Amino acid sequence: MKFKIDYKWIALGISNIGLFMATLDSSIVVIGLPTILQDLHASIVHGIWIITGYTLVMTILPVMLGRLADLYAE
């Protein structure tokens, strides 16, 4: 007996896993921030820039890579 899973449920599952991983990843950066600042001899202002830059890269990079995949996928 074979079960057929609709594409929408696969897409939903992958999206949920991606959302969980993004949230976990951001939490790890925030937890590690005091150590990063201490090792770099940086202030809290620099720490805010680290978080902002990391968030921007993690927001823009998947969109850019998705567009490139759409352009060059066979």
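What radius of gyration does the protein have, and what would a compact globule of 74 residues have? The protein has 18 Å, while a compact globule of that many residues would be near 11 Å. Keep in mind on this tour that you are looking at a predicted model.

**Start with the whole chain.** Show the C-alpha trace and turn it along its principal axes: the trace spans about 60 × 30 × 15 Å. Switch to a cartoon and you will find 2 helices and 0 strands.

**Now add a surface.** About 6,800 Å² of the protein is exposed, and carbon and sulfur atoms supply 73% of that area. Of the 74 residues, 5% count as buried. Colour the charges next: there are 4 positive and 5 negative side chains, and the centres of these two sets lie 18 Å apart.

**Select the loop.** Helix 1 covers residues 7–40, and Ala42 sits in the loop between helix 1 and helix 2. Is Ala42 buried or partly exposed? Its relative accessibility is 25%, so Ala42 counts as partly exposed, since buried means under 20%.

**Move on to helix 2.** Select residues 44–72, the span of helix 2, and look for Leu61 within it. Leu61 is partly exposed too, with a relative accessible area of 34%. Leu61 also belongs to a nonpolar patch on the surface, together with Leu56, Val57, Met58, Ile60, Met64, Leu65, Leu68, Leu71 and Tyr72. Select these residues as a group: together they have about 970 Å² of accessible area.

**Finish with a distance.** Pick the C-alpha atoms of Ala42 and Leu71: the two residues are 29 apart along the chain, and these atoms are separated by 41 Å.

Technical notes: Residues are numbered from 1 along each chain as its sequence is written. This is a predicted model: local features need pLDDT of at least 70, side-chain atom pairs count only at pLDDT 80 or more; totals for chains, interfaces and linings use all residues. Side-chain values use heavy atoms; hydrogens and water are left out. Helices (H or I, at least four residues) and strands (E, at least two) are DSSP runs, numbered from the N terminus. The radius of gyration is taken over C-alpha atoms; the globule rule is 2.2 Å times the number of residues to the power 0.38. Buried means under 20% relative accessible area, exposed over 50%, partly exposed in between (1.4 Å probe, protein chains only). Accessible areas come from the Shrake-Rupley method with a 1.4 Å probe; for residues, only the protein chains shown count as cover. Lys and Arg count as positive and Asp and Glu as negative; His and the chain ends are not counted. The place of a charge is taken as NZ of Lys, CZ of Arg, CG of Asp or CD of Glu. Patches are made of residues with over 30% relative accessible area and no salt bridge: like charges are joined within 9 Å, nonpolar side chains (Val, Leu, Ile, Met, Phe, Trp, Tyr) within 5 Å. A salt bridge is a side-chain nitrogen of Lys or Arg within 4 Å of a carboxyl oxygen of Asp or Glu.
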